[in-house]
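Q: Got a minute to go through this one with me? I'd like to start with the ligand and then move on to the fold.

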Amino acid sequence: MLPSQARVLWAAAFLVTLLGPVLLSLVTGSDNPLASQLAVQTGLLATGLLVCTVIAPSRLRSLTRALGIEGVLGVHRVVGLLATLMVILHVVLVLAANPNSVTLFDPRQWTMASRAAVGATVGMVVLIGLAVLRHRVRRRYALWRWVHLLLAGSVLVLTALHIWWLQHLVNDPVLRAAFGLLVAGLLGVLSYRWVWRPCFDKRSAYEVIEVRAETEDVHTLVIGPRRPRHGFDTSTMAFEPGQFAWLRVKRSVTAEEHPFTITSCPRESAAVEFTIRNAGDFTSSVATLEPGDPVWIDGPHGAFTWDDRAYRRALVLIAAGVGITPMISMLRTLAFRGDGRPVLLLSGARTVDELLFRDELRELGDQLDLTVVEVLSRPPADWSGRSGRIDRVLLRQVLPERSGRHKIEYFVCGPSPMVTDVLLALQELRIDAAHIHTEQFDMV
Ligand SMILES: Cc1cc2nc3c(=O)[nH]c(=O)nc-3n(C[C@H](O)[C@H](O)[C@H](O)COP(=O)(O)OP(=O)(O)OC[C@H]3O[C@@H](n4cnc5c(N)ncnc54)[C@H](O)[C@@H]3O)c2cc1C
(Lines give C-alpha, C1' and ligand atoms only; values in the text may rest on other atoms or scores of the structure.)
Protein backbone atom coordinates (compact mmCIF):
# COMPACT_ATOMS: atom_id res chain seq x y z
CA MET A 1 0.00 0.00 0.00
CA LEU A 2 1.29 3.50 -0.86
CA PRO A 3 1.92 5.78 2.16
CA SER A 4 -0.62 8.23 0.67
CA GLN A 5 -3.28 5.48 0.67
CA ALA A 6 -2.32 4.49 4.23
CA ARG A 7 -2.69 8.15 5.27
CA VAL A 8 -6.25 8.22 3.88
CA LEU A 9 -7.13 4.96 5.68
CA TRP A 10 -5.68 6.19 8.99
CA ALA A 11 -7.50 9.53 8.63
CA ALA A 12 -10.74 7.59 8.06
CA ALA A 13 -10.06 5.36 11.11
CA PHE A 14 -9.43 8.41 13.32
CA LEU A 15 -12.59 10.12 12.01
CA VAL A 16 -14.71 7.04 12.75
CA THR A 17 -13.24 6.85 16.27
CA LEU A 18 -13.92 10.54 16.82
CA LEU A 19 -17.31 10.97 15.26
CA GLY A 20 -18.78 7.43 15.49
CA PRO A 21 -20.08 7.68 19.09
CA VAL A 22 -21.31 11.28 18.54
CA LEU A 23 -23.26 10.34 15.40
CA LEU A 24 -24.71 7.28 17.12
CA SER A 25 -25.85 9.42 20.05
CA LEU A 26 -27.59 11.74 17.55
CA VAL A 27 -29.25 8.83 15.76
CA THR A 28 -30.47 7.16 18.96
CA GLY A 29 -31.89 10.58 19.84
CA SER A 30 -32.83 12.09 23.16
CA ASP A 31 -35.57 14.38 24.47
CA ASN A 32 -33.13 16.22 26.72
CA PRO A 33 -32.69 20.00 26.30
CA LEU A 34 -30.08 21.17 23.78
CA ALA A 35 -27.49 22.11 26.43
CA SER A 36 -27.65 18.60 27.94
CA GLN A 37 -27.30 17.00 24.50
CA LEU A 38 -24.32 19.23 23.70
CA ALA A 39 -22.76 18.33 27.05
CA VAL A 40 -23.05 14.62 26.19
CA GLN A 41 -21.71 15.13 22.67
CA THR A 42 -18.66 17.14 23.77
CA GLY A 43 -17.98 14.40 26.35
CA LEU A 44 -18.15 11.77 23.60
CA LEU A 45 -15.91 13.87 21.34
CA ALA A 46 -13.39 14.32 24.16
CA THR A 47 -13.36 10.53 24.69
CA GLY A 48 -12.77 9.93 20.96
CA LEU A 49 -9.99 12.54 20.89
CA LEU A 50 -8.39 10.93 23.95
CA VAL A 51 -8.41 7.51 22.28
CA CYS A 52 -6.81 8.97 19.11
CA THR A 53 -4.18 10.76 21.26
CA VAL A 54 -3.21 7.42 22.80
CA ILE A 55 -3.25 5.42 19.56
CA ALA A 56 -1.10 7.89 17.55
CA PRO A 57 2.22 7.27 19.39
CA SER A 58 1.59 3.53 19.89
CA ARG A 59 4.29 2.64 17.36
CA LEU A 60 1.99 1.06 14.80
CA ARG A 61 4.36 0.56 11.88
CA SER A 62 1.84 1.39 9.17
CA LEU A 63 1.06 4.66 10.96
CA THR A 64 4.70 5.73 11.44
CA ARG A 65 5.36 4.72 7.80
CA ALA A 66 2.39 6.80 6.62
CA LEU A 67 3.01 9.95 8.70
CA GLY A 68 6.65 9.74 9.77
CA ILE A 69 7.64 10.09 13.42
CA GLU A 70 7.32 13.90 13.28
CA GLY A 71 3.81 13.59 11.83
CA VAL A 72 2.78 11.02 14.44
CA LEU A 73 4.04 13.21 17.29
CA GLY A 74 2.40 16.27 15.71
CA VAL A 75 -0.96 14.45 15.60
CA HIS A 76 -0.43 13.24 19.20
CA ARG A 77 0.19 16.80 20.45
CA VAL A 78 -2.56 18.57 18.49
CA VAL A 79 -5.21 15.92 19.24
CA GLY A 80 -4.15 15.80 22.93
CA LEU A 81 -4.56 19.56 23.18
CA LEU A 82 -7.96 19.38 21.44
CA ALA A 83 -9.03 16.61 23.84
CA THR A 84 -8.19 18.81 26.84
CA LEU A 85 -10.03 21.81 25.34
CA MET A 86 -13.02 19.58 24.61
CA VAL A 87 -13.05 18.33 28.22
CA ILE A 88 -13.10 21.95 29.44
CA LEU A 89 -15.96 22.75 27.02
CA HIS A 90 -17.75 19.62 28.26
CA VAL A 91 -17.49 20.83 31.89
CA VAL A 92 -18.81 24.29 30.91
CA LEU A 93 -21.78 22.72 29.09
CA VAL A 94 -22.50 20.35 31.99
CA LEU A 95 -22.67 23.40 34.28
CA ALA A 96 -24.86 25.30 31.78
CA ALA A 97 -27.22 22.34 31.33
CA ASN A 98 -27.73 21.79 35.04
CA PRO A 99 -26.83 24.54 37.52
CA ASN A 100 -26.89 21.89 40.32
CA SER A 101 -23.67 20.57 38.81
CA VAL A 102 -21.75 23.30 40.65
CA THR A 103 -21.39 20.55 43.29
CA LEU A 104 -18.50 19.56 41.03
CA PHE A 105 -16.52 22.26 42.84
CA ASP A 106 -17.40 20.95 46.30
CA PRO A 107 -15.40 17.79 47.10
CA ARG A 108 -17.81 16.89 49.93
CA GLN A 109 -20.57 16.38 47.39
CA TRP A 110 -18.60 14.43 44.80
CA THR A 111 -20.10 11.21 43.50
CA MET A 112 -17.78 8.46 42.23
CA ALA A 113 -18.44 9.65 38.65
CA SER A 114 -17.52 13.24 39.47
CA ARG A 115 -14.38 12.15 41.38
CA ALA A 116 -13.25 10.26 38.26
CA ALA A 117 -14.10 13.27 36.05
CA VAL A 118 -12.19 15.72 38.22
CA GLY A 119 -9.18 13.35 38.39
CA ALA A 120 -9.15 12.87 34.59
CA THR A 121 -9.48 16.63 33.92
CA VAL A 122 -6.68 17.56 36.32
CA GLY A 123 -4.54 14.78 34.81
CA MET A 124 -5.05 16.16 31.30
CA VAL A 125 -4.15 19.69 32.32
CA VAL A 126 -0.99 18.43 34.06
CA LEU A 127 -0.13 16.43 30.91
CA ILE A 128 -0.33 19.60 28.80
CA GLY A 129 1.93 21.41 31.32
CA LEU A 130 4.44 18.54 31.17
CA ALA A 131 4.39 18.58 27.37
CA VAL A 132 5.28 22.29 27.41
CA LEU A 133 8.20 21.58 29.76
CA ARG A 134 9.48 18.67 27.65
CA HIS A 135 12.46 20.46 26.16
CA ARG A 136 13.55 21.89 29.52
CA VAL A 137 14.08 18.41 30.98
CA ARG A 138 16.21 16.98 28.17
CA ARG A 139 18.65 15.30 30.53
CA ARG A 140 15.82 13.70 32.51
CA TYR A 141 13.85 12.63 29.46
CA ALA A 142 13.44 9.01 30.65
CA LEU A 143 11.84 10.19 33.91
CA TRP A 144 9.65 12.70 32.02
CA ARG A 145 8.47 9.92 29.70
CA TRP A 146 7.44 7.59 32.54
CA VAL A 147 5.55 10.33 34.38
CA HIS A 148 3.82 11.19 31.08
CA LEU A 149 2.89 7.54 30.45
CA LEU A 150 1.59 6.90 33.98
CA LEU A 151 -0.48 10.09 33.96
CA ALA A 152 -1.90 9.28 30.52
CA GLY A 153 -2.81 5.74 31.72
CA SER A 154 -4.56 7.21 34.79
CA VAL A 155 -6.51 9.69 32.63
CA LEU A 156 -7.71 6.83 30.41
CA VAL A 157 -8.82 4.66 33.34
CA LEU A 158 -10.54 7.59 35.11
CA THR A 159 -12.36 8.55 31.88
CA ALA A 160 -13.61 4.97 31.46
CA LEU A 161 -14.74 4.92 35.12
CA HIS A 162 -16.48 8.28 34.73
CA ILE A 163 -18.48 6.94 31.77
CA TRP A 164 -19.21 3.65 33.57
CA TRP A 165 -20.32 5.27 36.83
CA LEU A 166 -22.53 7.80 35.01
CA GLN A 167 -24.45 4.79 33.66
CA HIS A 168 -26.80 6.73 31.35
CA LEU A 169 -24.52 6.26 28.31
CA VAL A 170 -23.73 2.59 28.88
CA ASN A 171 -27.43 1.88 29.51
CA ASP A 172 -28.11 2.74 25.87
CA PRO A 173 -27.48 -0.53 23.91
CA VAL A 174 -26.16 1.24 20.78
CA LEU A 175 -23.75 3.48 22.68
CA ARG A 176 -22.72 0.53 24.88
CA ALA A 177 -21.77 -1.38 21.72
CA ALA A 178 -19.84 1.68 20.41
CA PHE A 179 -17.95 2.05 23.70
CA GLY A 180 -17.29 -1.71 23.72
CA LEU A 181 -15.68 -1.44 20.26
CA LEU A 182 -13.66 1.61 21.31
CA VAL A 183 -12.36 -0.12 24.45
CA ALA A 184 -11.61 -3.37 22.57
CA GLY A 185 -9.70 -1.47 19.85
CA LEU A 186 -7.74 0.54 22.40
CA LEU A 187 -6.88 -2.50 24.52
CA GLY A 188 -5.84 -4.35 21.34
CA VAL A 189 -3.44 -1.55 20.32
CA LEU A 190 -2.04 -1.11 23.84
CA SER A 191 -1.46 -4.84 24.37
CA TYR A 192 0.25 -5.07 20.98
CA ARG A 193 2.49 -2.10 21.85
CA TRP A 194 3.26 -2.89 25.51
CA VAL A 195 2.92 -6.69 25.79
CA TRP A 196 3.15 -8.58 22.52
CA ARG A 197 5.89 -6.63 20.71
CA PRO A 198 8.34 -6.15 23.61
CA CYS A 199 7.76 -9.44 25.48
CA PHE A 200 6.64 -12.10 23.01
CA ASP A 201 7.52 -11.09 19.46
CA LYS A 202 10.68 -13.14 18.83
CA ARG A 203 11.40 -11.15 15.68
CA SER A 204 12.50 -8.28 17.90
CA ALA A 205 15.23 -10.40 19.56
CA TYR A 206 18.69 -9.75 18.11
CA GLU A 207 22.27 -10.28 19.24
CA VAL A 208 25.39 -8.23 18.76
CA ILE A 209 27.66 -9.38 15.92
CA GLU A 210 30.20 -6.58 16.06
CA VAL A 211 30.82 -3.06 17.41
CA ARG A 212 33.01 -1.02 15.04
CA ALA A 213 34.60 2.32 15.92
CA GLU A 214 33.96 4.93 13.20
CA THR A 215 35.54 7.86 15.08
CA GLU A 216 36.49 8.43 18.70
CA ASP A 217 32.87 8.94 19.76
CA VAL A 218 30.89 7.22 17.00
CA HIS A 219 30.41 3.44 16.81
CA THR A 220 28.61 1.17 14.39
CA LEU A 221 26.61 -1.58 16.06
CA VAL A 222 26.04 -4.64 13.86
CA ILE A 223 23.31 -7.00 15.06
CA GLY A 224 21.70 -10.13 13.67
CA PRO A 225 18.50 -12.03 14.47
CA ARG A 226 18.92 -14.47 17.36
CA ARG A 227 18.64 -18.14 16.44
CA PRO A 228 15.03 -19.24 15.89
CA ARG A 229 13.51 -20.79 19.00
CA HIS A 230 10.69 -23.32 18.76
CA GLY A 231 10.96 -23.08 14.98
CA PHE A 232 9.85 -19.45 14.96
CA ASP A 233 10.90 -17.67 11.79
CA THR A 234 13.30 -14.84 12.60
CA SER A 235 13.82 -13.78 9.02
CA THR A 236 15.47 -10.44 8.45
CA MET A 237 13.56 -7.24 9.14
CA ALA A 238 11.99 -5.65 6.06
CA PHE A 239 12.81 -1.97 6.18
CA GLU A 240 13.21 0.91 3.74
CA PRO A 241 16.42 2.96 3.59
CA GLY A 242 16.10 5.90 5.98
CA GLN A 243 13.85 4.17 8.51
CA PHE A 244 14.74 3.79 12.18
CA ALA A 245 14.14 1.43 15.10
CA TRP A 246 14.05 1.72 18.89
CA LEU A 247 16.90 -0.20 20.52
CA ARG A 248 16.94 -1.80 24.00
CA VAL A 249 19.76 -3.70 25.66
CA LYS A 250 17.46 -5.32 28.25
CA ARG A 251 14.39 -7.39 27.61
CA SER A 252 12.13 -5.70 30.16
CA VAL A 253 9.42 -3.49 28.71
CA THR A 254 10.45 -0.82 31.23
CA ALA A 255 14.10 -0.88 30.07
CA GLU A 256 15.50 2.32 28.54
CA GLU A 257 15.16 2.43 24.76
CA HIS A 258 16.34 4.94 22.18
CA PRO A 259 15.67 5.51 18.47
CA PHE A 260 18.44 5.02 15.89
CA THR A 261 18.42 5.03 12.11
CA ILE A 262 19.21 1.75 10.39
CA THR A 263 22.34 2.41 8.35
CA SER A 264 22.58 -0.90 6.52
CA CYS A 265 21.05 -1.73 3.17
CA PRO A 266 17.66 -3.50 3.26
CA ARG A 267 17.57 -7.07 1.98
CA GLU A 268 21.37 -7.22 1.53
CA SER A 269 21.84 -9.45 4.58
CA ALA A 270 20.06 -10.46 7.78
CA ALA A 271 22.39 -8.19 9.78
CA VAL A 272 21.17 -4.73 10.73
CA GLU A 273 23.53 -1.81 11.44
CA PHE A 274 23.18 1.37 13.48
CA THR A 275 25.82 4.11 13.64
CA ILE A 276 25.60 5.81 17.01
CA ARG A 277 27.25 8.92 18.42
CA ASN A 278 27.97 9.09 22.16
CA ALA A 279 25.48 11.67 23.36
CA GLY A 280 24.81 10.40 26.89
CA ASP A 281 24.62 7.31 29.08
CA PHE A 282 22.75 5.00 26.73
CA THR A 283 24.68 5.82 23.56
CA SER A 284 28.03 5.58 25.39
CA SER A 285 27.11 2.10 26.64
CA VAL A 286 26.81 0.89 23.02
CA ALA A 287 30.62 0.89 22.66
CA THR A 288 30.87 -1.56 25.56
CA LEU A 289 28.57 -4.19 24.00
CA GLU A 290 30.24 -7.53 23.18
CA PRO A 291 29.51 -9.98 20.33
CA GLY A 292 26.74 -12.31 21.48
CA ASP A 293 25.12 -9.76 23.84
CA PRO A 294 21.33 -9.74 23.41
CA VAL A 295 19.53 -6.61 22.19
CA TRP A 296 15.90 -5.94 21.24
CA ILE A 297 14.61 -3.71 18.50
CA ASP A 298 11.22 -2.24 17.76
CA GLY A 299 11.01 -1.28 14.13
CA PRO A 300 11.20 -0.40 11.36
CA HIS A 301 9.45 2.94 11.77
CA GLY A 302 9.35 6.24 9.95
CA ALA A 303 8.62 7.79 6.57
CA PHE A 304 12.04 9.34 5.90
CA THR A 305 12.44 7.40 2.67
CA TRP A 306 11.50 7.67 -0.97
CA ASP A 307 8.80 5.73 -2.74
CA ASP A 308 9.66 4.68 -6.29
CA ARG A 309 6.09 3.49 -6.84
CA ALA A 310 4.86 7.08 -6.59
CA TYR A 311 7.72 8.87 -8.34
CA ARG A 312 11.38 8.41 -9.28
CA ARG A 313 13.37 11.59 -8.90
CA ALA A 314 16.94 12.78 -8.38
CA LEU A 315 17.90 13.15 -4.71
CA VAL A 316 19.42 15.94 -2.63
CA LEU A 317 20.48 14.65 0.78
CA ILE A 318 21.35 17.28 3.40
CA ALA A 319 22.83 16.00 6.66
CA ALA A 320 24.57 17.41 9.70
CA GLY A 321 26.72 15.28 12.01
CA VAL A 322 25.27 11.87 12.74
CA GLY A 323 22.24 12.92 10.64
CA ILE A 324 24.12 11.30 7.78
CA THR A 325 22.95 7.86 9.01
CA PRO A 326 19.76 7.67 6.92
CA MET A 327 21.65 9.06 3.91
CA ILE A 328 24.29 6.32 4.04
CA SER A 329 21.56 3.68 4.10
CA MET A 330 19.97 5.35 1.05
CA LEU A 331 23.29 5.49 -0.83
CA ARG A 332 24.16 1.87 0.03
CA THR A 333 20.73 0.86 -1.21
CA LEU A 334 21.10 2.76 -4.49
CA ALA A 335 24.50 1.07 -5.03
CA PHE A 336 23.05 -2.37 -4.15
CA ARG A 337 20.22 -1.85 -6.64
CA GLY A 338 22.49 -0.40 -9.34
CA ASP A 339 20.32 2.75 -9.34
CA GLY A 340 22.10 5.48 -11.32
CA ARG A 341 19.88 8.50 -10.52
CA PRO A 342 21.78 11.72 -9.73
CA VAL A 343 22.41 12.30 -6.01
CA LEU A 344 23.87 15.35 -4.28
CA LEU A 345 24.95 14.82 -0.66
CA LEU A 346 25.65 17.83 1.55
CA SER A 347 27.44 16.57 4.64
CA GLY A 348 27.93 19.10 7.43
CA ALA A 349 30.06 18.69 10.55
CA ARG A 350 32.11 20.82 12.90
CA THR A 351 35.53 19.31 12.18
CA VAL A 352 37.11 16.96 9.62
CA ASP A 353 37.20 14.20 12.25
CA GLU A 354 33.45 14.44 12.67
CA LEU A 355 32.74 13.82 8.96
CA LEU A 356 31.46 10.26 8.86
CA PHE A 357 31.85 7.54 6.18
CA ARG A 358 34.35 9.58 4.10
CA ASP A 359 36.19 6.57 2.63
CA GLU A 360 32.99 4.72 1.85
CA LEU A 361 31.49 7.80 0.18
CA ARG A 362 34.54 7.98 -2.10
CA GLU A 363 33.98 4.32 -3.08
CA LEU A 364 30.25 4.88 -3.56
CA GLY A 365 31.15 7.79 -5.84
CA ASP A 366 32.63 5.24 -8.29
CA GLN A 367 29.40 3.23 -8.37
CA LEU A 368 26.82 6.03 -8.26
CA ASP A 369 26.14 9.36 -9.95
CA LEU A 370 27.04 10.95 -6.60
CA THR A 371 28.36 14.43 -5.77
CA VAL A 372 29.48 14.98 -2.18
CA VAL A 373 29.84 18.49 -0.74
CA GLU A 374 31.45 18.60 2.70
CA VAL A 375 30.77 21.66 4.84
CA LEU A 376 32.73 22.35 8.01
CA SER A 377 31.76 24.92 10.63
CA ARG A 378 35.23 24.75 12.24
CA PRO A 379 37.53 24.04 9.29
CA PRO A 380 41.30 23.58 9.70
CA ALA A 381 43.63 26.16 8.09
CA ASP A 382 44.39 23.87 5.11
CA TRP A 383 40.71 23.03 4.38
CA SER A 384 39.89 23.53 0.70
CA GLY A 385 36.22 22.53 0.92
CA ARG A 386 33.19 24.56 1.94
CA SER A 387 32.97 26.14 5.36
CA GLY A 388 30.26 27.78 7.44
CA ARG A 389 26.66 26.62 7.67
CA ILE A 390 24.36 24.90 5.23
CA ASP A 391 22.17 27.89 4.43
CA ARG A 392 20.34 29.57 1.57
CA VAL A 393 23.52 31.03 0.08
CA LEU A 394 25.28 27.67 -0.02
CA LEU A 395 22.18 25.89 -1.30
CA ARG A 396 21.86 28.43 -4.13
CA GLN A 397 25.47 27.70 -5.10
CA VAL A 398 25.31 23.91 -5.05
CA LEU A 399 21.75 23.10 -6.16
CA PRO A 400 21.01 22.73 -9.88
CA GLU A 401 19.56 25.67 -11.83
CA ARG A 402 16.12 26.86 -10.77
CA SER A 403 14.15 24.79 -13.30
CA GLY A 404 16.03 21.64 -12.28
CA ARG A 405 15.34 22.12 -8.55
CA HIS A 406 11.74 21.06 -9.00
CA LYS A 407 12.59 17.59 -10.26
CA ILE A 408 14.32 16.60 -7.05
CA GLU A 409 13.33 14.87 -3.79
CA TYR A 410 14.98 16.60 -0.77
CA PHE A 411 15.93 14.83 2.48
CA VAL A 412 17.14 16.83 5.48
CA CYS A 413 18.35 15.19 8.69
CA GLY A 414 20.20 16.32 11.80
CA PRO A 415 19.64 18.25 15.03
CA SER A 416 16.36 20.23 15.19
CA PRO A 417 17.86 23.75 14.72
CA MET A 418 19.73 22.68 11.58
CA VAL A 419 16.66 20.95 10.11
CA THR A 420 14.53 24.05 10.77
CA ASP A 421 17.13 26.38 9.17
CA VAL A 422 17.52 24.24 6.04
CA LEU A 423 13.77 23.81 5.72
CA LEU A 424 13.33 27.60 5.77
CA ALA A 425 16.14 28.01 3.24
CA LEU A 426 14.52 25.47 0.89
CA GLN A 427 11.16 27.21 1.24
CA GLU A 428 12.80 30.53 0.38
CA LEU A 429 14.15 28.85 -2.74
CA ARG A 430 10.51 27.98 -3.55
CA ILE A 431 10.97 24.22 -3.36
CA ASP A 432 7.62 22.43 -3.16
CA ALA A 433 7.14 21.31 0.48
CA ALA A 434 5.60 18.04 -0.77
CA HIS A 435 9.07 17.00 -1.96
CA ILE A 436 10.97 17.96 1.19
CA HIS A 437 11.36 15.25 3.84
CA THR A 438 12.79 15.97 7.28
CA GLU A 439 13.91 13.88 10.24
CA GLN A 440 14.92 15.66 13.44
CA PHE A 441 17.07 13.77 15.90
CA ASP A 442 14.94 15.14 18.72
CA MET A 443 13.33 13.43 21.70
CA VAL A 444 10.64 10.91 20.71
C1 LIG B 1 14.23 9.20 14.46
C2 LIG B 1 15.57 9.32 15.16
C3 LIG B 1 16.67 8.68 14.63
C4 LIG B 1 17.92 8.81 15.27
N5 LIG B 1 19.00 8.19 14.71
C6 LIG B 1 20.20 8.31 15.30
C7 LIG B 1 21.35 7.67 14.72
O8 LIG B 1 21.29 7.03 13.67
N9 LIG B 1 22.53 7.82 15.37
C10 LIG B 1 22.64 8.54 16.54
O11 LIG B 1 23.75 8.62 17.09
N12 LIG B 1 21.58 9.16 17.09
C13 LIG B 1 20.35 9.05 16.51
N14 LIG B 1 19.27 9.67 17.09
C15 LIG B 1 19.45 10.41 18.36
C16 LIG B 1 19.52 9.43 19.51
O17 LIG B 1 18.27 8.80 19.67
C18 LIG B 1 19.88 10.17 20.82
O19 LIG B 1 21.17 10.69 20.68
C20 LIG B 1 19.91 9.20 21.98
O21 LIG B 1 18.59 8.81 22.27
C22 LIG B 1 20.56 9.84 23.20
O23 LIG B 1 20.45 8.97 24.31
P24 LIG B 1 21.48 8.99 25.53
O25 LIG B 1 20.87 8.31 26.71
O26 LIG B 1 22.81 8.46 25.13
O27 LIG B 1 21.66 10.50 25.82
P28 LIG B 1 20.91 11.42 26.87
O29 LIG B 1 21.91 11.94 27.84
O30 LIG B 1 19.69 10.74 27.40
O31 LIG B 1 20.43 12.57 25.92
C32 LIG B 1 21.35 13.31 25.11
C33 LIG B 1 20.50 14.05 24.13
O34 LIG B 1 19.90 13.08 23.22
C35 LIG B 1 18.53 13.37 23.00
N36 LIG B 1 17.68 12.22 23.42
C37 LIG B 1 17.59 11.64 24.63
N38 LIG B 1 16.69 10.65 24.64
C39 LIG B 1 16.19 10.62 23.40
C40 LIG B 1 15.19 9.84 22.76
N41 LIG B 1 14.50 8.87 23.39
N42 LIG B 1 14.93 10.09 21.47
C43 LIG B 1 15.60 11.02 20.79
N44 LIG B 1 16.54 11.81 21.33
C45 LIG B 1 16.82 11.62 22.61
C46 LIG B 1 18.20 14.62 23.80
O47 LIG B 1 18.24 15.72 22.90
C48 LIG B 1 19.30 14.76 24.79
O49 LIG B 1 19.61 16.10 25.06
C50 LIG B 1 18.03 9.57 16.47
C51 LIG B 1 16.90 10.19 17.01
C52 LIG B 1 15.69 10.08 16.35
C53 LIG B 1 14.49 10.75 16.94
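Q: How far is a polar side-chain atom of histidine 258 from an oxygen atom of the ligand?
A: In this predicted model, that distance is 2.6 Å.

Q: And what about proline 259, which atom of it lies 2.8 Å from an oxygen atom of the ligand?
A: For proline 259, a backbone N or O atom sits at that 2.8 Å distance from a ligand oxygen.

Q: Okay, oxygens done. Which residue has a polar backbone atom 2.9 Å from a nitrogen atom of the ligand?
A: That's threonine 275, through its backbone.

Q: How much of the ligand's accessible area does the protein cover?
A: On its own the ligand has 850 Å² of accessible area, and the protein covers 92% of it.

Q: How many residues surround the ligand, and which are the closest?
A: There are 25 around it, and the closest are Arg138, His258, Pro259, Arg277 and Thr283.

Q: How does that shell split into nonpolar, polar and charged?
A: Eleven residues of the shell are nonpolar, seven are polar and seven are charged.

Q: Which elements each supply at least two residues of the shell?
A: Three strands and a helix do: β4 (257–261), β5 (272–277), β12 (436–440) and α7 (281–286). The largest share comes from β4, with four residues.

Q: Let's switch to the sheet, then. What's the strand order in the open sheet of six strands?
A: Reading across, the order is β4-β3-β6-β1-β2-β5, and the pairing is antiparallel.

Q: Why is one side of β4 and of β5 left without a neighbour in the sheet?
A: Because β4 and β5 stand at the edges, each has a single partner strand, so one side of each has no neighbour in the sheet.

Q: By how much are neighbouring strands turned against each other there?
A: On average by 40°, ignoring direction.

Q: Back to β4 for a sec. How many bridges join β3 to it?
A: Five bridges link β4 to β3 (residues 244–248), and the two strands run antiparallel. Remember proline 259, with its backbone atom 2.8 Å from a ligand oxygen? In the β3–β4 pairing, tryptophan 246 stands opposite that proline.

Q: Zooming out, how many helices and strands does the protein chain have?
A: Eleven helices and twelve strands.

Q: And what are the spans of the C-alpha trace, plus the share of residues that count as buried?
A: Along its principal axes the trace spans about 80 × 55 × 40 Å. As for burial, 46% of the chain's 444 residues count as buried.

Key: Residues numbered from 1 in each chain as written. Predicted model: local features only at pLDDT ≥ 70, side-chain atom pairs only at ≥ 80, totals over all residues. Heavy atoms only, no water. Near = heavy atom within 4 Å. Polar contact = N/O pair within 3.5 Å; in protein donor to acceptor, adjacent residues only side chain to side chain. Areas by Shrake-Rupley, 256 points an atom, 1.4 Å probe, with all protein chains shown as cover. Nonpolar A, V, L, I, M, F, W, Y, C, P; charged D, E, K, R; others polar. Pairing = 2+ DSSP bridges. Axes fitted to C-alpha atoms, helices over the stretch in contact; angles between N-to-C directions. Buried < 20%, exposed > 50% of the residue type's maximum accessible area, 1.4 Å probe, protein only.
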